[in-house]
Amino acid sequence: MKPITLHQLKLFEVVARHRSFTRAAEELFITQPTVSMQIKQLTTSVGLPLFEQVGKRLYLTDSGRELLVTCQEIFDRLEQFEMSVADHKGLKQGRLRLAAVTTTKYFVPRMLGPFCKLYPGIDVEFKTTNHEGLLARLSENRDDLYILSQLPENMDISYHPFMENPLVVMAPTDHPLVKEKNISIKQLSGEPFIMREPGSGTRSSVQNLLEEYGVKVKVRLELGSNEAIKQAIAGGLGISVLSRHTLGLEGTTSELAILDVEGFPIRCNWYVIYPTGKQLSVVAHTFFNYLLAEAKQFSTYLKKSGQEL
Ligand code: PGA
């Protein structure tokens with residue numbers, strides 16, 4: 001086998017990711033013939049085809065797929081090495097890949113702000129998706145750390161709770177139940193209900209609680225975003241159960257109210273998790289410790305502003 005260069009592997013990874021020579025060339029700011037030539041040389045070195053063209057689409061062959069996994073391992077190791085060298089030099093440098101469920105949008109960016117100021121050498125990739133999407137990323141080992149509220153079953157993970165995540169019943173401020181106390185959960189069955197999409201962790205927590213109490217709700221609308229649900233509640237389309245954190249740091253809005261319903265809040269926790277045995281990079285470790293410390297302050301702030309339920 002002719003020696004394979006790191007440069008060729010980097011090009012290959014970009015082509016494989018985009019499944020396109022043209023888009024790879026665009027991302028790398030080089031010409032398409034340069035990309036084709038390098039991939040041709042790499043294919044000759046390997047001695048087996050790496051891609052196959054079916055119609056207009058480019059697919060990876062079995063060897064191509066194997067090479068892609070190898071590339072990712074090599075790049076991860078190199079990145080870890082660079083980060084640990086930077087760490088030895090006393091600099092925290094590198095990339096943090098953080099994936100989290102949608103509700104974390106309401107507080108993780110706030111925590112990331114001071115973190116990035118503290119460590120200007122660290123670049124952050126923050127991806128949000130629903131529970132199911134997050135588990136898919138976790139099983140592919142795509143990120144350094146994951147933040148969610150419903151722990152996955154049947155997955156070998158290390159998990160660390162860092163903050164409470166109360167799920168509350170929200171209604172528009174002019175809803176007749178707003179003034180009532182100790183509302184029976186059975187009363188929810190008479191209300192038009194807005195539910196998160198299948199695959200959402202919030203949805204499964206709500207369904208578990210309703211099942212426990214034997215309550216059936218009339219789902220009028222299913223929406224895939226907390227923000228869309230808040231707007232729908234404010235617009236009078238129904239009531240819903242969302243994390244208290246979707247109300248932001250202030251914890252209230254002029255349009256939404258929290259109902260005092262039996263069984264609520266559903267007391268969940270936020271967890272930071274990663275696959276057991278995963279070698280956390282220096283940067284991931286730094287953020288992990290920062291998150292646990294910062295969450296304490298954040299919770300104290302919520303308590304002081306009377307938002308603790
Ligand atoms: P989700 O998040 O409702 O956005 O999926 C909650 C969780 O599962 O952690």
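Helices α1 and α4 cross with a left-handed sense. The model in which this crossing appears is a predicted one. Helix α4 covers residues 62–88, and its axis lies 10 Å from that of α1, the two packing at an angle of about 120°. From α1, the residues L6, L9, K10, F12, E13 and A16 take part in the contact, and they meet G64, L67, L68, C71, I74, F75 and L78 of α4. By character, the residues of this contact comprise ten that are nonpolar, one that is polar and two that are charged.

One residue of that contact, F12, leads on to the aromatic pairs, of which the structure holds nine. F12 pairs with F51 in a tilted arrangement, with 5.5 Å from centre to centre and 50° between the planes. This pair links distant parts of the chain, since F12 belongs to helix α1 (residues 6–18) and F51 to strand β1 (residues 51–54), 39 residues apart. F12 and F51 are both buried.

A further pair is formed by Y159 and Y271. Their ring centres are 5.8 Å apart and their planes stand at 80°; because an angle over 60° counts as edge-to-face, the pair is assigned to that class. Here too distant parts of the chain are linked: Y159 lies in strand β6 (residues 157–172) and Y271 in strand β11 (residues 266–275), with these positions 112 residues apart in the numbering. The two tyrosines can also be described by their accessibility. Y159 has a relative accessible area of 46% and is therefore partly exposed, as this value falls between 20% and 50%. Y271, at 15% relative accessibility, is under the 20% limit and so counts as buried.

Aromatic residues also gather in a group: F115, Y119, F287 and Y290 form one aromatic cluster.

The last site to consider is a loop residue. T103 is placed in the loop between β3 (94–101) and α5 (108–118). Its relative accessibility is 4%, which is under 20%, so T103 counts as buried. The side chain of T103 makes a polar contact with the side chain of N226, at 3.1 Å. When neighbours within four places in sequence are left aside, the residues in contact with T103 are R196, N226, S243, H245, T246 and W270. N226 thus appears both in this list of contacts and as the partner of T103 in the polar contact between side chains.

Definitions and conventions:
Residues numbered from 1 in each chain as written. Predicted model: local features only at pLDDT ≥ 70, side-chain atom pairs only at ≥ 80, totals over all residues. Heavy atoms only, no water. Phe/Tyr/Trp six-rings, centres within 6.5 Å; stacked < 30°, edge-to-face > 60°. Helix = DSSP H or I, 4+ residues; strand = E, 2+ residues; numbered from the N terminus. Buried < 20%, exposed > 50% of the residue type's maximum accessible area, 1.4 Å probe, protein only. Axes fitted to C-alpha atoms, helices over the stretch in contact; angles between N-to-C directions. Left-handed = near helix turned anticlockwise from the far one by under 90°. Contact = heavy atoms within 4.5 Å. Nonpolar A, V, L, I, M, F, W, Y, C, P; charged D, E, K, R; others polar. Polar contact = N/O pair within 3.5 Å; in protein donor to acceptor, adjacent residues only side chain to side chain.
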